[in-house]
Amino acid sequence: YDTYLAVIRNSTGSKLFRNLYFDIGGKRVDILENGVLSCAVFVSWVLKNFDLIKENHATVVGAVKDLKKSGWKRIKKPKIGAILVWGEEFYDSGPHKHIGFYIGNKEAVSNSRSKKTPVKHHWTYGGKRKVEIILWNNKLDRL
């Protein structure tokens, strides 16, 4: 469990999750827009490495489906290590949900659109963004 939390906390500032290229219409396209849309890749990469989900994901919707299939359950109050899913915000490319980790003391780690890396921040962005779902897996108690 300490290692899981250390990986989350130590990921802040990492450029590792910035790019994911696909061939779309014969063109090589970075679907993460150089880190702008990297939240699901970051979260799913950490979870997959700790065998807490089945696959890596580029979307929040895909990550949440996998979380539910992998035994994650909704809880009402965040616990350290829980997954947070924020409601939709609208960007040039359309509506996007957001996903990250709760690390305690009303803080979270998730990908920043502006910094294009995972960052530590207030878990509700200082009351500016609503957390829609909090997920917990009992496997975290045994890590």
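This report covers the fold, salt bridges and selected surface and buried residues of a predicted model.

## Overall fold

The protein chain has three helices and eight strands. Along the sequence they run α-β-β-α-α-β-β-β-β-β-β.

The C-alpha atoms fill a box of roughly 45 × 30 × 25 Å along the principal axes. The radius of gyration is 14 Å, which agrees with the value near 15 Å for a compact globule of 143 residues. Of these 143 residues, 46% count as buried.

## Salt bridges

A search of the whole structure finds three salt bridges. Glu-89 and Arg-129 form one of them, at 3.5 Å from N to O. Glu-89 lies in strand E4 (residues 83–91), and Arg-129 sits in the loop between strand E7 (118–122) and E8, so the pair ties together parts that are 40 residues apart in sequence. The two ends differ in exposure class: Glu-89 is partly exposed, with a relative accessible area of 30%, whereas Arg-129 counts as buried at 9%.

Glu-132 pairs with Lys-97, and their closest N and O atoms are 2.6 Å apart. This bridge joins strand E8, home of Glu-132, to strand E5 (residues 94–104), home of Lys-97, so it ties together parts that are 35 residues apart in sequence. Glu-132 is partly exposed at 38% relative accessible area. Lys-97 is also partly exposed, at 30%.

Lys-120 and Glu-107 meet in a salt bridge at 3.9 Å, N to O. Lys-120 belongs to strand E7 and Glu-107 to strand E6 (residues 107–111), so the pair ties together parts that are 13 residues apart in sequence. Lys-120 counts as exposed, with 52% relative accessibility. Glu-107 counts as partly exposed, with 27%.

## Positive surface patch

Lys-54, Lys-65, Lys-69, Lys-139 and Arg-142 form a positive surface patch. Lys-139 is found in the segment after strand E8 (131–136). Its relative accessibility is 35%, so Lys-139 counts as partly exposed.

Lys-68 lies in helix H3 (residues 60–69). At 46% relative accessibility, Lys-68 counts as partly exposed. Lys-68 and Lys-139 are 71 residues apart in sequence; their C-alpha atoms are 13 Å apart in space.

## A buried loop residue

Leu-32 lies in the loop between strand E2 (27–30) and helix H2 (39–49). Its relative accessibility is 1%, so Leu-32 counts as buried. Leu-32 and Ile-80 are separated by 48 residues in sequence and by 27 Å in space, C-alpha to C-alpha.

Note on methods
Residues are numbered from 1 along each chain as its sequence is written. This is a predicted model: local features need pLDDT of at least 70, side-chain atom pairs count only at pLDDT 80 or more; totals for chains, interfaces and linings use all residues. Side-chain values use heavy atoms; hydrogens and water are left out. Patches are made of residues with over 30% relative accessible area and no salt bridge: like charges are joined within 9 Å, nonpolar side chains (Val, Leu, Ile, Met, Phe, Trp, Tyr) within 5 Å. Accessible areas come from the Shrake-Rupley method with a 1.4 Å probe; for residues, only the protein chains shown count as cover. A salt bridge is a side-chain nitrogen of Lys or Arg within 4 Å of a carboxyl oxygen of Asp or Glu. Lys and Arg count as positive and Asp and Glu as negative; His and the chain ends are not counted. The place of a charge is taken as NZ of Lys, CZ of Arg, CG of Asp or CD of Glu. Helices (H or I, at least four residues) and strands (E, at least two) are DSSP runs, numbered from the N terminus. Buried means under 20% relative accessible area, exposed over 50%, partly exposed in between (1.4 Å probe, protein chains only). The radius of gyration is taken over C-alpha atoms; the globule rule is 2.2 Å times the number of residues to the power 0.38.
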